[in-house]
Amino acid sequence: MATETKEALKDSTKKYTEQTLKSWNEAAAIHHQRNPDLAERVAEPGFNALEADFNRLVDAQELTGASVVQVCCNNGKDLLSIKNKGAGYCLGIDGSSKFIEQANSLVKSGDFSDMAFETHNVYEIPPHHYGRFDFAVITIGVLNWMPDLQGFIQTCSKLLKPGGRLLMEEIHPVLNMYAEGTPSHIAYSYFDREAQVSDDGLDYFTGEKYASEPHYNFQHTLGDIFSAAIASNLVLETFEEIAEDVGNCCGDLANIPHNPPLALTASWRKA
Ligand SMILES: C[S@@+](CC[C@H](N)C(=O)[O-])C[C@H]1O[C@@H](n2cnc3c(N)ncnc32)[C@H](O)[C@@H]1O
């Protein structure tokens with residue numbers, strides 16, 4: 001029975017993520033159009049696209065020469081920023097081949113070496129990458145695509161060497177209760193873990209609407225995140241809740257008197 005349940009979770013995870021990745025592939029060309037000067041910016045010495053709070057967390061690490069993997073790296077801009085801080089071997093993984101094409105093109109824009117970008121669904125990362133990294137990095141907008149949070153965090157843990165660290169910047173789960181509007185307002189239960197399907201295009205730069213391939217979204221509470229980390233042998237070292245709009249979503253909430261947390265940063269050490 002337990003095995004059947006595990007198999008069912010594996011099958012639904014595959015179904016949801018493969019569909020969602022079609023939507024990300026579709027979004028790649030649009031994101032590229034929205035950031036026409038990105039290659040030029042990447043070429044500038046010291047290019048750094050990290051958000052301020054996450055940048056502080058990264059700067060608090062002993063990064064020089066350290067190996068870093070970013071899961072769901074998108075076009076690689078955040079990993080290129082970390083490489084510029086003196087990291088050693090850096091590997092970016094994303095399930096969208098179109099974003100990985102962009103990352104492989106961007107890496108040629110600057111003076112980067114000892115870096116690679118590979119296309120993998122995070123649930124199917126080849127085991128030869130396990131245990132190779134001093135740091136695993138997740139930047140904003142990743143957890144909500146994961147049907148199986150524990151499986152995802154477990155994978156991040158597997159990528160780390162013993163003593164390695166998982167660094168995360170994410171949308172705060174409380175923000176997932178809100179729908180955008182004027183003003184943004186509470187529209188969803190904090191505890192609704194059902195798959196949310198949508199065919200709204202994934203242009204979070206302008207918010208311009210287009211009908212896209214359907215994609216599946218999942219709410220994970222703070223408790224879910226902490227429990228998944230505990231089950232993955234990860235020990236929480238830092239945790240910060242952020243009042244500013246980091247994910248370009250419901251930004252008006254940053255300026256209301258009874259403001260909710262909008263983002264978080266956290267770091268864990270693999271025991
Ligand atoms: C919101 S973006 C992350 C953006 C990142 N914070 C940045 O600014 O570069 C989410 C990324 O997760 C990737 N993704 C979603 N589901 C995935 C999966 N199952 N496996 C691998 N990548 C996935 C998407 O292709 C997309 O590039």
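**Close-up 1. N74 sits in the loop between β1 (68–71) and α4.** This is a predicted model, and N74 is a good place to start looking around. Its phi is near 55°, a positive value in a residue other than glycine. For context, most residues other than glycine have a negative phi. N74 also faces a partner outside the protein: one of its polar side-chain atoms lies 2.9 Å from an oxygen atom of the ligand.

**Close-up 2. Backbone atoms of V122 and I140 meet nitrogen of the ligand.** At V122, a polar backbone atom is 2.9 Å from a nitrogen atom of the ligand. At I140, a backbone N or O atom lies 2.8 Å from a nitrogen atom of the ligand. How much of the ligand's accessible area does the protein cover? The ligand has 600 Å² on its own, and the protein covers 96% of that.

**Close-up 3. The shell around the ligand holds 20 residues.** Coming nearest are N74, K77, D94, T139 and I140. Sorted by class, the shell breaks down into nine nonpolar, eight polar and three charged residues. Which elements give two or more residues to this shell? They are α1 (2–34) and α4 (77–83). Of the elements, α1 gives the most, with three residues.

**Close-up 4. Helices α6 and α7 cross at roughly 45°.** Here we leave the ligand and turn to a pair of helices. Two packed helices are described by the angle between their axes and the distance between the axes. For α6 (residues 149–159) and α7 (residues 222–231), the axes come within 9 Å. With that crossing angle of roughly 45°, α6 and α7 are therefore oblique to each other. As for handedness, the α6 and α7 crossing is right-handed.

**Close-up 5. T182 and P183 are joined by a cis peptide bond.** Omega at this bond is about 0°. By way of background, most peptide bonds are trans. And where does P183 lie? Look in the loop between β6 (178–179) and β7 (185–186).

How values were computed
Residues numbered from 1 in each chain as written. Predicted model: local features only at pLDDT ≥ 70, side-chain atom pairs only at ≥ 80, totals over all residues. Heavy atoms only, no water. Near = heavy atom within 4 Å. Polar contact = N/O pair within 3.5 Å; in protein donor to acceptor, adjacent residues only side chain to side chain. Areas by Shrake-Rupley, 256 points an atom, 1.4 Å probe, with all protein chains shown as cover. Helix = DSSP H or I, 4+ residues; strand = E, 2+ residues; numbered from the N terminus. Nonpolar A, V, L, I, M, F, W, Y, C, P; charged D, E, K, R; others polar. Axes fitted to C-alpha atoms, helices over the stretch in contact; angles between N-to-C directions. Parallel < 35°, antiparallel > 145°, perpendicular 65-115°, else oblique. Left-handed = near helix turned anticlockwise from the far one by under 90°.
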